[in-house]
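Student: I am new to this structure and would like to learn how to read its features one at a time. Could we look at it together?

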Amino acid sequence: MSTLPERKEPVTVSFTSRSRPWDVHRLPSAEGRTFLVTGGNAGIGYFVAEQLAATGAVVVLGSRDAEKADAAMASIRSRVSGAHVRHLQLDLASLSSLKTAVDGLDLGHLDAVVYNAGVALDAPPRRETEDGHELMFGTNHLGHFTLTQQLAPLLSAAPAGRIVTVGSFAARSERLDLGDLQSTQDYRPKRTYGRSKLAQMCFGFALDRRLRAVGSTVLSVVAHPGGALDSLTPSRPPVRVTTPAERLRALPAGLLVQGKDAGAWPVVRAVLDPGVRGGQLWGPRFFGLRGTPRREPVPSHMADPAIAARLWAAGGELAGTDPHLGFQ
């Protein structure tokens, strides 16, 4: 049986003490680093960006809507003194636009990217991207799959680059239909969404195996927010306002789930913690639904190499990417 080579860990100065327990309210400094958060203008992505901005890092909000990105940046600056935030015009539903978008970063290296952006539809009809792909699979999975190739040189140039894929608790109960990845035969929006997130998570674990195989120092980590509700999320006007009535109605649910600010914690730890390793899965502590972040076992259906290989091949064919996604 072949084995993957041992990863060569980069020699870096740790920016937090390994002896001190991880504290979601006392994040380590990341001054001098640059992070890209796709979909950083709203939801989980917004709170990931806000929390990362508090570390002193430069945080780039990848968003197709400049007005929403401006509102998010204004909110972050109002809460984080001296925050370094900027916007990158990014449309994951348009694969052909991604190279131009990444060129707009104008960076020599990128320390981490958070694959957070996603589309979630609740009802028919089935919709497609401009490239002819089912909208959720095309945006959530193929968009990030293609973006990886464009970001590969920048991540490889960083001292210890990271790719953090944001999955979903919903993916646990789904299984990929490799014969119908784009839901052309039996379109059910919620199932299609769950499968698109499952595809992302499978990709994140497969990417780490491939990075290790070529001796890359870039890590691929997967994290999920657990159960994160808008109604339990603190207001961030004008990005999102939660009314007192909404919060009151959601209080019983707060015993099991949490707000999106807390849902961002596992993602932020996956970006910052020097103890995190590639191929790991991070989520909330209590039943994977709420609480501080912890490492979780990787479900077998997300780590199956045979399924991952078929998904990877299909993604490469649909997106027209290099089979190695720029990591050689």
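Student: Which residue caps the N-terminal end of α9?

Tutor: Please keep in mind that this is a predicted model. The residue is D304, which caps the N-terminal end of α9 with a side-chain oxygen that lies 2.9 Å from the backbone nitrogen of A306. Just after α9, G320 takes a positive phi of about 70°.

Student: What span should the 15 residues of α9 have?

Tutor: The general idea is to compare the distance between the end C-alpha atoms of a helix with the span expected at 1.5 Å a residue. For α9 that expected span is 21 Å, and its end C-alpha atoms are 21 Å apart, which agrees. Helix α5, residues 189–213, can be read in this way too: its 25 residues reach 36 Å from the first C-alpha to the last, close to the 36 Å expected. Just after α5, G215 takes a positive phi of about 70°.

Student: How many residues of α5 are buried, and which residues are buried in α9?

Tutor: A residue is called buried when its relative accessible area is under 20%. By that reading α5 is mostly covered, with 19 of its 25 residues buried, while in α9 the buried residues are A308, L311, W312, A314, G315, G316 and A319. As for what lies over these residues of α9, the cover includes α4 and α5. It helps to remember that an α-helix has 3.6 residues a turn, so residues three or four places apart point the same way.

Student: At what angle do the axes of α5 and α9 cross?

Tutor: Angles from 65 to 115 degrees count as roughly perpendicular. The axes of α5 and α9 come within 9 Å and cross at roughly 100°, and the two helices are therefore roughly perpendicular to each other. In their contact, A199, C202, F203, A206, L207, R209 and R210 of α5 meet P305, A308, L311 and W312 of α9. Sorted by class, this contact has 9 nonpolar, no polar and 2 charged residues.

Student: Is N140 buried or exposed, and what does its side chain reach?

Tutor: N140, which has its place in helix α4, residues 135–157, is buried, with a relative accessible area of 0%. Its side chain reaches the backbone nitrogen of V119 at 2.7 Å. Leaving aside neighbours within four places in sequence, the contacts of N140 include A117 and G118, as well as Y193, S196, K197 and Q200. Of these, S196 belongs to helix α5 and is also buried, with a relative accessible area of 1%. Seen from S196, the residues touched are M136, F137, N140 and H141, not counting residues up to four places away in sequence.

Student: Where are the cis peptide bonds that I should look at?

Tutor: For these, read the angle omega along the backbone. The bond from P124 to P125 is cis, with omega near 10°, and P125 lies in the loop between β4 and α4. The bond from P237 to P238 is cis as well, with omega near 0°, and P238 is found in the loop between β7 and α6.

Student: Which value does phi take in D106 and in L325?

Tutor: Phi of D106 is near 55°, a positive value in a residue other than glycine, and phi of L325 is likewise near 55°. D106 sits in the loop between α3 and β4 and counts as exposed at 69% relative accessibility, whereas L325, in the segment after α9, counts as buried at 0%.

Terms used
Residues numbered from 1 in each chain as written. Predicted model: local features only at pLDDT ≥ 70, side-chain atom pairs only at ≥ 80, totals over all residues. Heavy atoms only, no water. Helix = DSSP H or I, 4+ residues; strand = E, 2+ residues; numbered from the N terminus. Buried < 20%, exposed > 50% of the residue type's maximum accessible area, 1.4 Å probe, protein only. Polar contact = N/O pair within 3.5 Å; in protein donor to acceptor, adjacent residues only side chain to side chain. Contact = heavy atoms within 4.5 Å. Axes fitted to C-alpha atoms, helices over the stretch in contact; angles between N-to-C directions. Parallel < 35°, antiparallel > 145°, perpendicular 65-115°, else oblique. Nonpolar A, V, L, I, M, F, W, Y, C, P; charged D, E, K, R; others polar.
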